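Hi everyone, thanks for making time for this. Let me put the structure up on the screen, and then we can walk through it together.

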Amino acid sequence: IARCWPIPSPHRCLAAKPANFASTTTRPVRCILAFRGYLQAMMQSSANAAPRLRKFTAEAPVVTAVSAPLAAEWQALAEVASEANAFGESWFIDSALRHLRGGDMVRLAQVRDDHGQLAGIMPLVISPQYGSLPVAQTRNWIRLQCYCGTPLIRVGDELDFWLALLDLLDRSDWACGFLSLRLAYGGGPVMRGLEQAARLTGRQF
């Protein structure tokens with residue numbers, strides 16, 4: 001049982017039998033059947049109330065262009081994203097990769113749900129400095145003519161996206177320093193999902 005329901009003990013239930021138990025043998029049977037029905041009802045209620053466990057996976061391969069199959073998935077994601085961002089759509093990123101990448105090694109972080117469907121996407125780079133400080137960081141890729149760095153995430157999957165991405169960064173040798181987001185505006189579901197993921201994993205935000 002996923003939740004702690006106030007289910008009566010069958011032993012206490014059976015212990016409440018009358019003194020003339022021999023002449024009322026059907027009462028304990030009814031008691032057992034009632035308890036079993038109550039237990040089944042509570043288990044069904046718990047199953048309905050408890051959130052379904054979902055396994056999201058993330059990868060971040062180095063890219064120099066966006067493939068046609070990924071572009072199609074990306075476009076479908078953009079149509080159901082919790083926060084729209086034209087600067088984060090496939091056509092913009094593909095053009096930037098081809099013409100504005102310079103010497104940047106861009107990784108395309110992709111998070112997929114337990115059915116393999118694209119749930120979120122964000123380009124990443126490693127920067128050796130944080131402002132004027134020589135502190136390495138992993139950050140979203142902001143290129144020329146980009147004015148919003150909020151990642152595209154399927155509505156309702158914001159928390160799962162960030163949990164999967166943070167887990168990927170934790171176990172990847174190429175990820176260094178800390179995660180920094182530029183031009184990602186707060187107050188919306190995307191940043192609220194990141195705040196919640198930070199709290200759940202004991203991180204400072």
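So, to begin: what percentage of the 205 residues in the chain is buried? The value is 39%. Please keep in mind as we go that this is a predicted model.

Now for the layout. The chain has six helices and six strands. Reading from the N terminus, the order is α-α-β-α-α-β-β-β-β-α-β-α. On the contact side, take the contacts in the chain with a separation of 6 or more: 71% of them join residues 24 or more positions apart. As for the surface, about 12,000 Å² of the chain is exposed, and carbon and sulfur atoms supply 57% of that area.

Let me zoom in on one helix, α3, which covers residues 68-79. We can check its length with simple arithmetic. With twelve residues at 1.5 Å a residue, α3 should span 16 Å, and the end C-alpha atoms sit 17 Å apart, so the two values agree.

Which residues of α3 are buried? They are Leu70, Trp74, Leu77 and Ala78. These four cover an arc of only 100° around the axis, which means that they lie on the same side of α3. The spacing is a familiar one: an α-helix has 3.6 residues a turn, so residues three or four places apart point the same way.

And what do the buried residues of α3 pack against? Their partners are one helix segment, α4 (90-99), along with β2 (107-112), β3 (118-127) and β5. Turn to the other side of α3 and you find Ala68, Pro69 and Glu79, which are exposed.

Before I finish, a couple of backbone angles for those of you who like to look at torsions. Gln145 has a phi near 70°, a positive value in a residue other than glycine. Where is Gln145 in the chain? It belongs to the loop between β4 (137-140) and β5 (152-153). Its relative accessibility is 44%, so Gln145 counts as partly exposed.

The other one is Leu183, with phi near 55°, again positive and again in a residue other than glycine. Leu183 lies in the loop that runs between β6 (178-180) and α6 (189-200). Is Leu183 buried or partly exposed? Since buried would require under 20% relative accessible area, and Leu183 comes in at 33%, Leu183 counts as partly exposed.

That's my tour, thanks for listening, and I'm happy to take questions.

How values were computed. Residues numbered from 1 in each chain as written. Predicted model: local features only at pLDDT ≥ 70, side-chain atom pairs only at ≥ 80, totals over all residues. Heavy atoms only, no water. Helix = DSSP H or I, 4+ residues; strand = E, 2+ residues; numbered from the N terminus. Buried < 20%, exposed > 50% of the residue type's maximum accessible area, 1.4 Å probe, protein only. Contact = heavy atoms within 4.5 Å. Areas by Shrake-Rupley, 256 points an atom, 1.4 Å probe, with all protein chains shown as cover. Expected span 1.5 Å × (residues − 1). Arc of directions from axis to C-beta.
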